[in-house]
Amino acid sequence: MASKTESENSTETTPSSPKNIYKDPDDGRQRFLLELEFVQCLANPTYIHYLAQNRYFEDEAFIGYLKYLQYWQRPEYIKFIMYPHCLYFLELLQNANFRNAMAHPSNKELAHRQQFYFWKNYRNNRLKHILPRSLPEPSAPPAPPAPTSTDSIIYSSSFTNAICWSRLSDMNVARYDFACAEVNGLVYAVGGYGANGDSLSSAEVYDPNTNKWTLIKSLRRPRWGCFA
């Protein structure tokens with residue numbers, strides 16, 4: 001009788017092991033890929049703006065999920081990240097002020113511009129810290145600028161019957177190292193360097209019938225050392 005009572009008491013005091021323990025059928029691979037995809041989407045300020053506009057950041061469970069995802073900053077996981085800006089934004093999203101600010105389109109555009117400036121200057125900024133600094137070299141006198149001129153001359157072409165070099169009218173802008181080409185009987189001079197050594201975006205065209213150079217629409221950006 002005593003042994004029966006003891007066995008019953010031991011059964012009552014022994015904690016029962018959980019019977020239904022969830023286990024991912026693929027050992028968590030699908031979950032890993034889904035969370036990786038979501039985290040990397042945070043590298044896009046437009047996506048963060050979408051989440052803010054749709055009030056995801058008002059859900060406490062979603063805020064907790066963002067906090068949980070910070071494990072991607074650990075070395076064993078960060079090696080899978082292709083867009084490192086996502087981890088920077090993930091850190092910022094832990095702040096309520098940032099979450100609220102990203103609901104405004106102007107702040108979204110500001111974040112986009114800051115990303116652009118980072119990518120634009122990333123290489124130069126990184127090289128400053130990687131490359132060793134060389135000793136300063138003795139300063140040499142500045143080289144004289146290359147001669148520039150508005151002169152234009154031609155030699156035995158379809159524009160004239162001359163059989164030697166002939167002087168034409170002067171160009172409007174003195175330039176050197178520019179592109180020059182003939183198209184439909186007109187001569188185009190594009191870009192190059194100006195008298196002060198500045199790169200030029202201006203362009204002009206020569207009409208042999210009037211013997212005049214005329215300025216035309218400039219290039220979108222300065223060009224030099226090019227050809228046409």
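**Exercises: aromatic pairs and nonpolar cores**

At 17% relative accessibility, Phe98 is classed as buried (buried is under 20% relative accessible area, exposed over 50%, partly exposed in between; 1.4 Å probe, protein chains only). The model is predicted: local features need pLDDT of at least 70, side-chain atom pairs count only at pLDDT 80 or more, and totals for chains, interfaces and linings use all residues. Residues are numbered from 1 along each chain as its sequence is written, and side-chain values use heavy atoms, leaving out hydrogens and water.

**Exercise 1.** Classify the ring pair of Phe89 and Phe98.

Step 1. Apply the rule: rings of Phe, Tyr and Trp (its six-membered ring) pair if their centres lie within 6.5 Å. Planes under 30 degrees apart are stacked, over 60 edge-to-face, the rest tilted.
Step 2. The count by this rule is 19 aromatic pairs.
Step 3. For Phe89 and Phe98, the centres are 6.3 Å apart and the planes at 25 degrees, so the pair is stacked.
Step 4. Check the cover of Phe89: its relative accessible area is 6%, so Phe89 is buried.

**Exercise 2.** Find the largest nonpolar core and the helix that gives the most to this core.

Step 1. A core joins buried Ala, Val, Leu, Ile, Met, Phe, Trp, Tyr and Cys residues through side-chain atoms within 4.5 Å.
Step 2. The largest has 24 residues; Leu42, Phe57, Leu66 and Trp72 have the most contacts inside it.
Step 3. Two or more residues each come from α2 (29–41), α3 (45–53), α4 (60–68) and α6 (85–92). Elements are DSSP runs numbered from the N terminus: helices (H or I, at least four residues) and strands (E, at least two).
Step 4. The top contributor is α6, with 4 residues.
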